[in-house]
Structure formats: C-alpha cells, structure tokens
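User: Please take a close look at the internal cavities of this structure. I should like to know what surrounds the empty space inside.

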Amino acid sequence: METTKAALVLGATGGVGGSVAAALARHGWQVRGMARDVTSLRNKGQMEWVQGDAMQRADVMRAAEGAAVIVHAVNPPNYMNWDKLVLPMIDNTIAAARAVGARVVLPGTVYNYDPAKTPVVEAGTPPNPTGRKGAIRVALEQRLEQAAPEVPSLILRAGDFFGPGARSSWFAQAMVAPGKPVRRIVNPARGGGHSWAYLPDLAETFARLLDRPERLRPFERVQFEGLYDDTGMRIVDAIRRVCGRKVPVYGFPWWAMRLLAPFASFPREAAEIAPVWQHPMRFDNTRLVELIGSEPRTPLDEAMRATLIEMGCIADTPLPLLRRASA
C-alpha cells in the first residue's frame with residue numbers, strides 16, 4: 001500500500017469497522033482489513049484482506065506495514081472479557097502505529113461518562129465513568145493521549161448505532177428482531193434524551209475527517225451528534241412509519257438484568273450500562289463542525305428504511321408505495 005492514503009482496519013468484519021472501511025474506499029483510500037479467518041473474505045468488499053489476530057502484536061505490526069491510518073474498531077463481543085482484551089489490543093495498535101508512523105483512529109463510546117451527571121458531552125468533558133467498562137475505556141483513551149504526539153490519534157464519539165451493518169447493536173439485538181417482519185418493538189429507553197448514530201453517516205464522518213489530516217490535532221477527540229431522541233419515541237415512531245402500521249411497543253426488562261446479574265455475564269454487563277438508557281445524554285459536535293462543516297445527516301425515515309431492509313424485516317418496496325401504505 002502507498003503510505004500517503006492507506007488504511008488498516010482492525011475489526012473490518014464488524015459493523016463499525018466494515019462501514020468505515022467502505023467509506024474510506026469511497027474516498028479513494030487503499031484499505032486493508034485484518035481478520036482471524038480470511039478464507040471467505042478474499043473477494044468481500046473493496047479492500048485487501050490479511051489474516052491476523054488483534055491480540056497478537058506481531059500480526060498487527062505486519063498488517064500495518066505501509067499504513068498512514070489504523071482504524072481500531074475491535075471490541076470484545078457481547079460485552080464480555082473487556083478486562084482481558086481491550087487494553088492489550090490498543091497497546092498492540094499503538095505499537096504498530098509507532099512503528100509505521102500511522103494515526104490511530106478510534107470509535108469512542110458513551111461508557112466514559114456518568115449519564116446522570118453528564119447530560120452534554122463536549123470534546124473536553126472530563127471522564128467520570130461509573131462502571132468497569134467505562135473505566136477501561138477511559139484507560140484506553142489515556143493510552144492514546146499519552147502516546148501523542150509521537151503517535152497521533154483521532155477519537156470520534158457517538159451514541160448507539162443503527163443502520164445497515166450495525167449487527168452488534170441494541171437496535172438489532174433488542175429493539176427489532178432481524179429476519180422477521182416487525183411485529184413488536186422493544187424500547188430500552190426510559191424517557192427522552194437518548195443519542196443515536198446512523199452508521200453510514202458516522203462512517204462518512206470518519207472519512208471526511210481523515211481526508212484533512214492537516215487540520216487534526218496530534219490528539220483529537222470530537223463528538224458525533226447524530227440523532228438526539230428528545231422524546232424517547234422518535235426511533236420508535238420512525239419504525240412505525242416505515243412499516244406502515246402502529247406496531248406495539250414494550251419496555252426492555254431492565255429489572256430482569258439486575259435480577260440475573262449475579263448469575264450470568266450478559267445480564268451483568270447489560271445492567272451496568274442501564275443508566276445510559278435512563279438519563280439524557282447529548283453529544284456536542286462543535287469541534288467536529290469546525291473540522292468538516294455540517295455533519296452528514298440522512299433523513300430519519302430514509303435511514304430507518306435502509307436499516308430494516310438490510311435486517312430482512314421489510315421488503316425493498318419502492319418508496320412511493322411505502323409512503324402510500326403509511327399515509
């Protein structure tokens with residue numbers, strides 16, 4: 001790869017990594033994806049695939065050769081084993097970036113903050129995590145800050161994902177059942193104020209930021225505002241409009257997560273992040289707008305329609321017919 005516009009994407013088989021890789025390719029980047037098993041990926045996507053494990057430093061170092069950017073989009077699946085995997089993986093990425101002179105790019109999370117005390121997150125808002133995952137993510141970002149300016153980095157923080165490719169998301173794993181017609185909606189939110197990020201818009205934002213590296217600070221942290229659901233029902237109402245009927249809505253059983261937390265890993269991890277759904281949290285994108293201008297914003301119904309089609313929940317009906325059905 002030519003170093004000037006070449007990117008390595010760790011986690012390219014996941015929703016965020018795959019979406020960012022596709023956006024970079026559209027912007028003229030040479031993209032390399034690393035995965036543990038590339039047998040079925042050779043002809044998938046507009047990228048070169050190399051085999052490797054993000055937990056193995058030698059694999060990351062080898063995959064990063066020639067890269068100007070390393071997108072660190074790997075996360076432990078199902079919220080598990082964060083204490084064993086998150087920090088070793090970012091250490092390997094930083095070491096590889098230092099060796100090849102690359103910028104590390106990180107999709108940021110909301111877990112760094114206490115939603116009950118941080119209704120608005122700005123670029124300089126100090127972290128105040130309440131849970132173990134949040135403390136680990138704070139430590140991860142501190143590693144990047146300490147490595148700068150020798151290893152420059154960009155953190156783009158956003159809310160919960162929805163959209164094509166966002167498989168490991170609360171939308172796809174809790175709100176709507178993939179592969180089935182939408183017969184019910186499970187709403188995890190308790191009141192208004194939840195922040196959402198439409199994945200294609202977020203990926204496009206990453207690409208626009210990286211197209212202008214000269215404008216980025218050695219350690220740059222920005223916020224993606226996305227969709228701020230001030231009522232707690234804007235996502236639900238968009239699903240109903242796209243489906244053309246008033247689908248029933250049920251609350252998420254947070255009480256069951258708390259009850260089962262001592263006995264199983266997923267309920268324990270889910271109970272830890274429950275405050276994110278119970279308190280308003282909005283992302284201030286002032287610094288982002290300074291860098292790229294206005295955020296990419298796909299109209300909500302168009303974004304929801306693309307999401308549900310990709311999930312196999314609705315047919316790819318021509319839009320005029322869909323509008324008549326929902327009128």
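Analyst: In the classes used here, Ala, Val, Leu, Ile, Met, Phe, Trp, Tyr, Cys and Pro count as nonpolar, Asp, Glu, Lys and Arg as charged, and the others, Gly among them, as polar. The model is a predicted one. It holds 3 cavities of 30 Å³ or more.

The largest cavity has a volume of about 100 Å³. Its lining is formed by Tyr111, Tyr113, Pro115, Thr130, Gly131, Lys133, Gly134, Glu272, Ile273, Pro275 and Val276. Two helices, α4 (132-147) and α10 (274-278), each contribute at least two residues to this lining. Sorted by class, the residues around the largest cavity comprise 6 nonpolar, 3 polar and 2 charged. Lys133 and Glu272 are in this lining, and both residue types count as charged. Tyr111 and Tyr113 also belong to the lining, and Tyr is placed in the nonpolar class.

The second largest cavity encloses about 50 Å³ of space. Around this cavity lie Val110, Gly159, Asp160, Gly193, His194, Ser195, Val276, His279, Met281 and Phe283. The lining of the second largest cavity divides into 4 nonpolar, 5 polar and 1 charged residues. Among its members are Gly159, Gly193, His194, Ser195 and His279, whose residue types count as polar. Asp160 is also in this lining, and Asp is classed as charged.

Val276 links the two descriptions: this residue lines the largest cavity and also lines the second largest cavity.

Key. Residues are numbered from 1 along each chain as its sequence is written. This is a predicted model: local features need pLDDT of at least 70, side-chain atom pairs count only at pLDDT 80 or more; totals for chains, interfaces and linings use all residues. Side-chain values use heavy atoms; hydrogens and water are left out. On a 1 Å grid over the protein atoms alone, a cavity is a set of points where a 1.4 Å probe fits but cannot get out, and a pocket is an open set with protein on both sides within 12 Å along at least five of seven lines; lining residues have an atom within 4 Å of a point. Grid points are joined across faces, edges and corners, and a volume is the space filled by probe spheres set on the points. Helices (H or I, at least four residues) and strands (E, at least two) are DSSP runs, numbered from the N terminus.
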